[in-house]
Amino acid sequence: MLGKLARQHDPNVLVGFDHADDAGVYQIGPATALVQTVDFFTPIVDDPYTFGQIAATNALSDVYAMGGRPLTALALVCFPEKGDLDILERILAGGLSKMMEAKCTVVGGHSIRDEETKFGYSVTGLIHPSQVLTNAGAKPGDRLLLTKALGTGVISTAIKKGVANQSWIDAAVASMTMLNKTAAEIVINRQRSATDVNAMTDVTGFGLIGHAREMALASSVALHLYASRIPMLEGALDCVRAGHIPGGLNANRDFAECVVEYEDGIPDDLKTLLFDPQTAGGLLISIAPEKSPDLIQALNSVGVTAVEVGEVRPASKPVIFVAV
């Protein structure tokens with residue numbers, strides 16, 4: 001649909017929607033650009049405060065994925081006319097707690113009456129135009145790092161069905177409320193002295209394969225992933241085996257699996273999880289091979305669990321190969 005719309009030609013747009021990237025970037029001065037994104041969704045956990053935290057963490061993530069610093073946010077609220085306002089207050093309070101942690105100021109928002117609760121934010125950040133990290137730029141030989149485990153989609157589905165173990169819920173909530181702030185700051189600080197990170201994106205609604213596909217196509221490369229290295233949340237594979245599959249996972253698989261080939265021996269449940277839509281997922285980072293160990297160590301030292309999950313190859317078919 002977007003491809004059918006009239007194209008706007010503005011030289012200040014550094015990254016627009018035609019790039020299939022995480023956020024838009026608009027230059028407003030020689031050393032300043034805005035990073036803009038928006039995200040909101042229906043509740044995925046029972047606790048209103050936690051839902052607000054997750055929604056805020058997810059909305060902030062795209063600014064971090066571009067290498068930006070969140071500055072301001074506008075809240076987006078859909079809430080039933082006769083809904084319990086104490087619940088809405090808790091949602092807003094949870095979101096605000098994460099915005100405060102991110103040092104991002106909520107300056108307003110908009111609300112409408114809706115039978116189904118929805119919540120999120122439009123976030124604006126700042127970045128130097130020369131330091132924008134897009135999903136393009138991955139180079140053959142680069143290593144691929146992932147900073148969060150997969151599985152929030154299938155576990156959230158199990159939560160909605162009332163069949164998730166508490167330990168699964170705890171692990172998923174901890175992941176979905178962890179800002180990508182610390183990880184992004186480590187990467188941004190490195191970029192000021194070296195340019196060894198060539199591309200970055202966050203793994204969210206399109207799943208690992210979907211976002212990897214976008215990186216590969218934008219960079220004109222192929223990606224080689226190692227299934228045995230990909231971190232998974234506790235209970236994620238159990239949810240897949242039990243059939244707790246979100247609709248978004250099937251949509252992701254229908255769309256993106258055509259560019260994927262698998263090495264023999266990869267279990268079907270693991271293949272499925274590669275398409276799981278993530279909420280507030282981790283960063284997927286393409287970095288020069290000789291610098292990968294240093295970045296992993298730097299991230300791990302501040303509590304970010306970074307794992308090398310693959311490498312970048314020259315453009316070829318398949319676009320994505322998943323090895324054991």
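Here are some friendly notes on this predicted model, to read with the structure open beside you.

1. **Start with helix 1.** Find residues 48-65, which make up helix 1. Its 18 residues should span 26 Å at 1.5 Å a residue, and the end C-alpha atoms are indeed 26 Å apart, so expectation and model agree. Is this helix mostly covered or mostly open? It is mostly covered, since buried means under 20% relative accessible area and 17 of the 18 residues are buried. Just after helix 1 comes Gly 67, with a positive phi near 90 degrees. As you turn the helix on screen, remember that an α-helix has 3.6 residues a turn, so residues three or four places apart point the same way.

2. **Move on to the six-stranded sheet.** In which order do its strands lie? The order is 1-2-3-6-4-5, in an open sheet with mixed pairing. Strand 1 (13-15) and strand 5 (105-113) are the edge strands, each pairing on one side only. From one strand to the next, the twist averages 25 degrees. Helix 2 (residues 85-101) packs on this sheet, where it touches strand 4 (69-79), strand 5 and strand 6 (118-127). The direction of helix 2 makes about 20 degrees with that of strand 6.

3. **Look at one edge of that sheet.** Two bridges join strand 1 to strand 2 (residues 24-29), and the sense is antiparallel. To see this pairing residue by residue, find Val 13, which stands opposite Tyr 26 in strand 2. As background, strands of a sheet pair through backbone hydrogen bonds, either parallel or antiparallel.

4. **Follow strand 7 to its two partners.** Strand 7 (residues 143-146) pairs with strand 11 (residues 283-287) in the antiparallel sense, over four bridges. Here Leu 144 stands opposite Ser 286 of strand 11. Strand 7 is also joined by four bridges to strand 12 (residues 307-314), again running antiparallel. In that pairing, Arg 143 faces Glu 311 of strand 12.

5. **Now compare the pairings of strand 13.** Strand 13 (residues 320-323) runs parallel to strand 9 (residues 221-226), with four bridges between them. Strand 10 (residues 260-262) is joined to strand 13 by three bridges, and this pair is parallel too. A good residue to click on is Ile 320: it is the bridge partner of Leu 223, and also that of Val 260.

6. **Find the aromatic rings.** The structure holds three aromatic pairs. In one of them, Phe 51 and Phe 119 have ring centres 6.4 Å apart and planes at 65 degrees, so the pair is edge-to-face; the cut-off for that label is over 60 degrees. Phe 51 belongs to helix 1 and Phe 119 to strand 6, so this pair ties together parts that are 68 residues apart in sequence. Phe 51 counts as buried because its relative accessibility is 1%, and Phe 119 counts as buried at 0%. Phe 119 also pairs with Tyr 121: the centres are 5.1 Å apart and the planes at 70 degrees, so this pair is edge-to-face as well. Tyr 121 is buried, like Phe 119. Ring pairs link Phe 41, Phe 51, Phe 119 and Tyr 121 into a cluster.

7. **Finish with two charges over rings.** Which ring lies under the charged end of Arg 229? That ring belongs to Tyr 226, and the charged end sits 4.2 Å from its centre. Lys 271 lies over the face of Tyr 262, at 4.6 Å from the ring centre.

Key
Residues numbered from 1 in each chain as written. Predicted model: local features only at pLDDT ≥ 70, side-chain atom pairs only at ≥ 80, totals over all residues. Heavy atoms only, no water. Expected span 1.5 Å × (residues − 1). Buried < 20%, exposed > 50% of the residue type's maximum accessible area, 1.4 Å probe, protein only. Pairing = 2+ DSSP bridges. Axes fitted to C-alpha atoms, helices over the stretch in contact; angles between N-to-C directions. Contact = heavy atoms within 4.5 Å. Phe/Tyr/Trp six-rings, centres within 6.5 Å; stacked < 30°, edge-to-face > 60°. Lys NZ or Arg CZ within 6 Å of the ring centre and 35° of its normal.
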